[in-house]
Amino acid sequence: MRESRDEEREPNRKDVHPMLRKFELIVIGTGEAGTSAAYGCRSEGWEVAVIDSRPYGGTCSLRGCDPKKVLVGAAELLDWQGRMVGKGVRSEGMKIDWSELMEFKRTFTEPVPESREHGFTEDGIVPFHGAARFIDERTVEDDELSGRYLLIATGARPVKLGITGEEHFHHRSRPQ
Ligand SMILES: Cc1cc2nc3c(=O)[nH]c(=O)nc-3n(C[C@H](O)[C@H](O)[C@H](O)COP(=O)(O)OP(=O)(O)OC[C@H]3O[C@@H](n4cnc5c(N)ncnc54)[C@H](O)[C@@H]3O)c2cc1C
């Protein structure tokens, strides 16, 4: 009877994955959604891990809201100037310096991954890098992490705009 029960017993995850690390919450994704959940649960004393396959920070800080505001701000300035030409504003002199604008944008984006990871570790949230893949309902690899809860905060992929020039948004030099 005992033998049979032992055979039927679900194998302990640690037997199967000797390197398994256990957390109460594993957050997949370090964007706004994952980050606020990680801090929220950590502040309640939970053991929390985060994992991301890309530099920490997610879409909003690195590729979305914040960099967009820098680029749109410059474009709006030029647009307003153009609208006022012949209405008391002269058009000479103002133009986009693409390299400088992209450098300016990077002053917002480049510090994010390191500072976000630093923030996590300072708060006792354990950071991992890599693409999380489920081995079973509570375990993800590459790093073989097991969580009582797992939060999938992996965001979404933006729709392609389908406009000429969208491929240049990451380039340092001005598109020709
Ligand atoms: C150009 C642009 C401009 C935007 N402007 C605004 C704005 O002005 N205001 C606004 O409110 N919203 C804006 N948004 C939307 C906003 O950026 C998103 O709603 C928000 O970033 C979503 O956050 P998230 O945490 O859900 O996902 P994300 O920030 O996308 O984070 C998901 C993370 O999960 C990681 N990940 C994915 N799969 C895995 C995996 N298998 N393993 C490990 N990690 C994984 C990704 O690498 C990523 O870091 C904009 C979006 C874009 C693209």
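Around the ligand lie 24 residues, and the closest of them are G29, G31, G58, G64 and G155. The model in which this shell appears is a predicted one, and every statement below should be read with that in mind. By residue class, the shell divides into nine nonpolar, ten polar and five charged residues. Several elements of secondary structure take part in it: α3 (32-43), β2 (48-52), α4 (58-62) and α5 (65-84) each supply at least two residues of the shell. Strand β2 deserves attention from the start, for it will return in the account of the sheet and of the core.

To place these elements, it helps to step back to the whole chain. Its secondary structure comes to seven helices and six strands, and, read along the sequence, these follow the pattern α-α-β-α-β-α-α-α-α-β-β-β-β. Among the contacts with a separation of 6 or more, 66% join residues that are 24 or more positions apart. Of the 176 residues in the protein chain, 19% count as buried.

The strands form an open sheet of six, in the order β3-β2-β1-β6-β5-β4, with mixed pairing. At the edges stand β3 (126-129) and β4 (133-136), each of which has a single partner strand, so that one side of each is left without a neighbour in the sheet. On average, and with direction ignored, neighbouring strands of this sheet are turned by 45° against each other.

Strand β1 can be followed towards each of its two partners in turn. On one side, β1 and β2 pair in the parallel sense over four bridges; here L25 stands opposite V48 in β2, and I26 stands opposite A49, also in β2. On the other side, β1 and β6 run parallel and are joined by seven bridges, with I28 standing opposite I152 in β6.

What do these strands contribute to the interior? The largest nonpolar core has 17 residues, and those with the most contacts inside it are I26, V27, I28, V48, A49 and V50. Strands β1 (21-28), β2 and β6 (145-152) each supply at least two residues of this core, and β1 gives the most, with five residues. As a general background, nonpolar side chains in soluble globular proteins tend to be buried together.

Two residues of this core show in more detail how distant parts of the sequence come together. Leaving aside neighbours within four places in sequence, A49 is in contact with F23, I26, V126, F128 and L145. The second residue, V50, has its place in strand β2. Why does V50 count as buried? There are 29 C-beta neighbours inside 10 Å of V50, and since a residue is buried if 20 or more other C-beta atoms lie within that distance of its own, V50 therefore counts as buried.

Not counting residues up to four places away in sequence, V50 touches V27, T30, G34, A38, F120, I125, P127 and F128. The C-alpha atoms of V50 and L25, which are 25 residues apart along the chain, are separated by 8.4 Å. Thus the picture that began at the ligand returns to β2, a strand that supplies at least two residues of the shell and at least two residues of the largest nonpolar core.

Methods:
Residues are numbered from 1 along each chain as its sequence is written. This is a predicted model: local features need pLDDT of at least 70, side-chain atom pairs count only at pLDDT 80 or more; totals for chains, interfaces and linings use all residues. A residue is near a molecule or strand if its C-beta atom, placed from the backbone, lies within 6 Å of it. Ala, Val, Leu, Ile, Met, Phe, Trp, Tyr, Cys and Pro count as nonpolar, Asp, Glu, Lys and Arg as charged, and the others, Gly among them, as polar. A nonpolar core is a set of buried Ala, Val, Leu, Ile, Met, Phe, Trp, Tyr and Cys residues joined through C-beta atoms within 7 Å. A residue is buried if 20 or more other C-beta atoms lie within 10 Å of its own, exposed if 12 or fewer, and partly exposed in between; C-beta atoms are placed from the backbone. Two residues are in contact if their C-beta atoms, placed from the backbone, lie within 7 Å. Two strands pair if DSSP finds at least two bridges between them. Axes are lines fitted to C-alpha atoms, for helices over the stretch in contact, and angles run from 0 to 180 degrees between N-to-C directions.
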